[in-house]
Amino acid sequence: MIRFEAVTLTYPDASAPALRDVSLHIPEGELALVVGRTGSGKSSLLRAVNGLAPTFTGGTLDGRVTVNGRDTRDHPPRELADVVGVVMQDPRNGFVTELVEDEIAYGMESLGLAPEVMRRRVEESLDLLGLNDVRQRPLRTLSGGQQQRAAIAAVLAQHPRVLLLDEPTSALDPAAAEEVLAALQRLVHDLGLTVLMAEHRLERVVQFADRIVHVHGDGHVTDGLPVQVMADAPVAPPVVELGRWARWEPLPLTVRDARRFAGPLRATLSALPASPAPAVTSASPVSATVAELRKARVQYGSHVALNEVDLQLRTGEIVAVMGRNGAGKSTLLRSLVGLTDATAGQVRVGGRDPVLLAGRDLTSAVGMVPQDPGDLLWNESVRQECEESVDPDEAKRLFDDLAPGVDPSMHPRDLSEGQRLALALAVVLSAGAPLLLLDEPTRGLDYPTKHRLVGLLRRRAASGGTIVVATHDVELAADLATRTVVIAEGDIVTDGPTRDVVTASPQFAPQVAKVLAPVPMLTVADVLAALPEAL
Amino acid sequence: MTTQRAARALHPMAWWLWALALAAAASRTLNPLLLGALIGVAALVVAARRTEAPWAASFRAFLILGTVVLGVRLVFEALFGAPIPGTTLFTLPELTLPEWMAGVRLGGDVTVEALVAAFYSGLQLVAILACVGAANALANPTRLLKSVPGALYEVGVAVVVALTLIPSALTHLQLIREARRLRGQPSRGIASVARTATAVLAGALERSLALAAAMDSRGFGRLRPLPAGERRVTAALTLSGLVALLVGGYALLDASTSPLAAAALLALGATLALTGLHRANRRAVRTVYRPDPWRWPETVTAASGSITVAVYTVAAVVMPATMLPTTSPLAWPALPLVPLLATLLAAAPALAAPPVPSTSGAGTSYPVQPPASDEHLPEPSKAVAA
């Protein structure tokens, strides 16, 4: 269905090609997963399939890309629209119309479908992605997850034979992600849809994949069956890491498969004298309060985003804030940094109201990295961004630490998602505020970058910092957080040590916990710490 | 209205036809009573049938703009207007200008006649603005785009994308303000605006590019291949039609040209342009999802406006003294019965148009027709409204 023949893609002003001599064939009805490090060229591979690269990005493409027998050199993207559907990384950039329903109909209108067909498919797509309640809502008023689903619904309504998805679940909470993936799998099974999907959160998608396309850092691409590629890929979900460490054969890709191997391991672990203290324990209750919310209430019009929330944040804590899309996680963070004023109740950071702070007073009290780290960057180069932060040298050192080997004259826009986050983080951290807030920091991050981020945040907390992370990433929460707060409909519904919270809920449990239940271990690192000598 | 009618939005084209017809009617008269009636009718219909959408607030903005225009017109008349003999109201100190500026007057006597004449022509502008404002308030711009013929669709999209650029740039500006606050930089003031302007512009451009890529990959602008000769004929037809429409429109608004010639030109232009569009439509593959239907309320709305402009045009020829009342000597303008009835007929959409869909869920019927207008409503529209 999709065929690459000796394709080399070079962007203008680039020193090396983004894709190098790629030959690849994806047969009809396969779900192929594109994996690779941050910035390795996964998006370029997707864009090349329907000709968006090089038509809209510039650059040159050597070799041949054909989709359903059509050569992308002879067919501009619009002539492929009936065959290929694309959902790009940030769905907000792709919305053409104002309302959900019109957006879903837009592509079909362009294809010239009959009105009755359009009407039927709009209803089907609304149901398939669970958007019927918001069909008449303006797109910009939807939550991130709803926007992502609307973008997918809009493309699916065109009934493409090939679907290209760039990070389709990165903005979704675990339940919504499962729904979207289940819907995709149904389409692959029932309609023979061919799917090419780039995704960093392998733990969510690897079990659905028929093939894994691995984009290496130098632009080379290899592909193979999931079990083969996962055996030695540098990026792997926790369940695979556990399987590799325990030398399970064949390598399990799903929690279910792993559980069938894990009997002996569970027995060994539960036979240990006592569960050793995890590397990070919850902060002792005597440590000082850094920030607190007292009966804080935030309302947008008639919509209550936070409902009389009481929360205390103490020194040395790493708090994960979890919950559905639109539950109030971002509002909580925004009120702690004074971007949103509480309608009622009190918000105090270091004893003061953050809304009243500005300039150095604010940055020395609290720092925040917003959901899109690019929002924080407005200068022309990495060097300028560092120079404009509170402590330029510290910012530069932190950035080199997190994202080594980046040319400081690069434009922040040209950085990969992970490098951009590193830059925003360096800029914010250099101010040295005791309280650090991160909104969905692992969106678009590969596992190695995530590990570096976790290391940095742990060191920060160990030296007396307090960190709040709003996230959908259960693996990150399990790995990093000492305490987990679950928000629903503006209320805090659970607040406790991460280990207790995530093992109690199947929705928030990380893969290792699911494999090893009832043994309360959350990550591969926990297992390694408990059993230093390999099996 | 005895039975409850289903709420729906009236076809935006009907609103625009109605409003433009009223504006054209306003351009045929300087009679303040008729102009006032036209403004009143526009306001009444807006009050009865506007939605809660953001663009619905624009009528008030247009009225404010009209009032400002009227004020400026009066002040300019007093300061610079050519002297009209009559009752002097007050005298402004007159500036003696050098020889080479002879003909330009600054200050001097201000007569009632001059001010009244200025008021009449100012009121005409207010009435035209009110009609355009009413169309803006009543018709959904994106739905209007849907009824644009396929051949013109690309142009329409360009306009709509350009319009969305402003709100999206504002959102981006807000984000950058927040970012500056988070980084401890001043978020207000000229220096900060200068620093952020490039980032806002770059962001808006980037989003436009991303939008273009998204639209293209969803099939925007797909065309059916047609032979080049046929394309050239289509282009020639459309172009000459548009030129004829333009000239005809100018002739209609210009009171010194024969209305018959104007009407003929308009008809010719419309025929040519529509033929061209029809041929061009064969190239476009686009279809429309849930198009706005054109039913009797649309016909009534468009017809009521057309009848009004027709009556005004004829009246301007038949009774110029009433339609363009003299201000020198000053006289109280007469109220011509037939044009007044025609004006009141233009209020028919307030009843004939279906109730607007309610977004808050409350109130499906609109109890907004003042009894006065109901009584004066001439027979034909009563019949269709019932």
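**Cores, strands and contacts in a two-chain model**

Let's begin with one residue, A:Val34. Leaving out residues up to four places away in sequence, A:Val34 touches A:Lys42, A:Leu45, A:Leu46, A:Leu196, A:Met197, A:Ala198, A:Val213 and A:Val215. Before I go on, please keep in mind that this is a predicted model.

Where does A:Val34 belong? A:Val34 sits in the largest nonpolar core, which has 190 residues. Together with A:Ala153 and A:Leu196, A:Val34 touches the most other members of that core. You may remember A:Leu196 from a moment ago, as one of the residues that A:Val34 touches. And which helix gives the most to this core? That is helix H16 of chain A, residues 417–429, with 9 residues. Apart from this core lies another one, of 65 residues, including B:Ala23, B:Val41, B:Ala137 and B:Leu351.

Now to some strands in chain A. Strand S1, residues 2–10 of chain A, pairs with strand S4, residues 60–67 of chain A; the sense is antiparallel, and there are 7 bridges. If you would like a spot to look for on the screen, A:Leu9 stands opposite A:Leu61 in S4(A). S4(A) is also joined to strand S5, residues 70–71 of chain A, by 2 bridges, and these two run antiparallel. Here A:Val67 has A:Arg70 of S5(A) as its bridge partner. S4(A) and S5(A) form a hairpin with 2 residues between the strands, and in this hairpin A:Asn68 takes a positive phi near 55°.

On to the contact of the two chains. How many residues does each chain bring? Chain B brings 31 residues and chain A brings 43 residues. On the chain B side, the elements that give two or more residues are helix H6 (153–182) and helix H7 (190–217). H7(B) gives the most, with 11 residues. Sorted by class, the side of chain B that touches chain A holds 15 nonpolar, 7 polar and 9 charged residues.

Last, a look inside chain B. The domain assignment gives domain 1 as 12–143 + 294–385, domain 2 as 148–221 and domain 3 as 225–287. Where domain 1 of chain B meets domain 3 of chain B, the contact takes 5 residues from domain 1 and 4 residues from domain 3. On the domain 1 side, helix H10 of chain B, residues 296–318, gives the largest share, 3 residues. That side has 3 nonpolar and 2 polar residues, and no charged residues.

That's my tour, and thank you for listening!

How values were computed
Residues are numbered from 1 along each chain as its sequence is written. Chains are lettered from A and ligands numbered from 1 in the order in which they are written. This is a predicted model: local features need pLDDT of at least 70, side-chain atom pairs count only at pLDDT 80 or more; totals for chains, interfaces and linings use all residues. Two residues are in contact if their C-beta atoms, placed from the backbone, lie within 7 Å. Helices (H or I, at least four residues) and strands (E, at least two) are DSSP runs, numbered from the N terminus. Ala, Val, Leu, Ile, Met, Phe, Trp, Tyr, Cys and Pro count as nonpolar, Asp, Glu, Lys and Arg as charged, and the others, Gly among them, as polar. Domain bounds come from an automatic or database domain assignment. Two strands pair if DSSP finds at least two bridges between them. A nonpolar core is a set of buried Ala, Val, Leu, Ile, Met, Phe, Trp, Tyr and Cys residues joined through C-beta atoms within 7 Å. A residue is buried if 20 or more other C-beta atoms lie within 10 Å of its own, exposed if 12 or fewer, and partly exposed in between; C-beta atoms are placed from the backbone.
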